[in-house]
Amino acid sequence: MQKWEMKETFTFPKQLGNVQENSKIVVEPKWHEEISEDSVVVRGIYVVKGNIQFDHVAREDEIEEGIYIEHMDIEKDHGYFEYALPFSVDFPNDDIEAVSLRINDIKVEPNNGYCSCSWAVHCDVEKKVQAIVEVEEPAPVEEIVVEKPVEEVQPRLQAEKEVESTQMAQTVPHELDFLEQLADAYSRVQIQLKK
């Protein structure tokens, strides 16, 4: 896990007055990864959403440091704004599969017409898992030989042969009669083939 701190100063129009203690911000990272053979580049933005409380006592001087937020949604003594801060982080590619970012420790320090905001960025890097597969050798196959008594097989074969010869004796005259009738119905033609 990698960690880094971000700090940014936001300034506001002088007619809104000074920033008060009840001011809050939320920071949401939005990013995408570009993975190459050598490196992983994470590019994106920090979306800063601020709900800032003002005292509405106009200041005389304009503050020149920090990011000037000109457009805000004002409701009573609170102003709401959103601002996007771009970022880019480069890591060496040590079999990195995915990168995730999260934000915590957000602090807002009001100071007259501006506020200093800070937050911690936690970057979790997920590496590729090398799968180790164990191949189990198959168990040796045992050959099983079943022996049947020869005496039982022989009488069956003899009995089957006797039944077949009896059936053939009964069907042969009928089949021969049919073949003779076929021969009588057709005439024989002899054709000579030339070589």
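# Asking why: sheet, strands and one asparagine

The accessible surface of this protein comes to about 15,600 Å², and carbon and sulfur atoms account for 49% of it. The model is a predicted one.

Reader: What makes up the protein, in terms of helices and strands?
Author: There are eight strands and one helix. Starting at the N terminus, the order is β-β-β-β-β-β-β-β-α.

Reader: Which strands form the open sheet, and in what order?
Author: Four strands form it, in the order E2-E3-E6-E5, and their pairing is antiparallel. From one strand to the next, the twist averages 25°.

Reader: Why are E2 and E5 called edge strands?
Author: Strand E2 (24-35) and strand E5 (73-75) each pair on one side only, and that is what the name refers to.

Reader: How do you know that E2 and E3 pair?
Author: Two strands pair if there are at least two bridges between them. E2 and strand E3 (residues 39-53) have twelve bridges, in the antiparallel sense, so the condition of at least two is met.

Reader: Which residues stand opposite each other there?
Author: Lys24 has Asn51 in E3 as its bridge partner, and Glu34 stands opposite Val41 in E3.

Reader: What joins E2 to E3?
Author: A hairpin does, through three residues.

Reader: What holds paired strands together in general?
Author: Strands of a sheet pair through backbone hydrogen bonds, either parallel or antiparallel.

Reader: Let us turn to one residue. Where is Asn111 found?
Author: Asn111 is in strand E7 (residues 96-111).

Reader: Why is Asn111 called partly exposed?
Author: Buried means under 20% relative accessible area and exposed means over 50%. Asn111 has 32% relative accessibility, so it counts as partly exposed.

Reader: What makes the link between Asn111 and Tyr114 a polar contact?
Author: The cut-off for a pair of N or O atoms is within 3.5 Å, and one must be able to donate a hydrogen and the other to accept it. The side chains of Asn111 and Tyr114 make such a contact at 2.6 Å, so the distance fits the cut-off of 3.5 Å.

Reader: How far apart are Asn111 and Thr11, in sequence and in space?
Author: Asn111 and Thr11 are 100 residues apart in sequence, and 9.7 Å apart in space from C-alpha to C-alpha.

Reader: Now the whole protein again: how many of the contacts join residues at least 24 apart?
Author: Among contacts between residues at least 6 apart in sequence, 76% do.

Reader: And what part of the protein counts as buried?
Author: Of its 195 residues, 27% count as buried.

Technical notes
Residues numbered from 1 in each chain as written. Predicted model: local features only at pLDDT ≥ 70, side-chain atom pairs only at ≥ 80, totals over all residues. Heavy atoms only, no water. Helix = DSSP H or I, 4+ residues; strand = E, 2+ residues; numbered from the N terminus. Axes fitted to C-alpha atoms, helices over the stretch in contact; angles between N-to-C directions. Buried < 20%, exposed > 50% of the residue type's maximum accessible area, 1.4 Å probe, protein only. Contact = heavy atoms within 4.5 Å. Areas by Shrake-Rupley, 256 points an atom, 1.4 Å probe, with all protein chains shown as cover.
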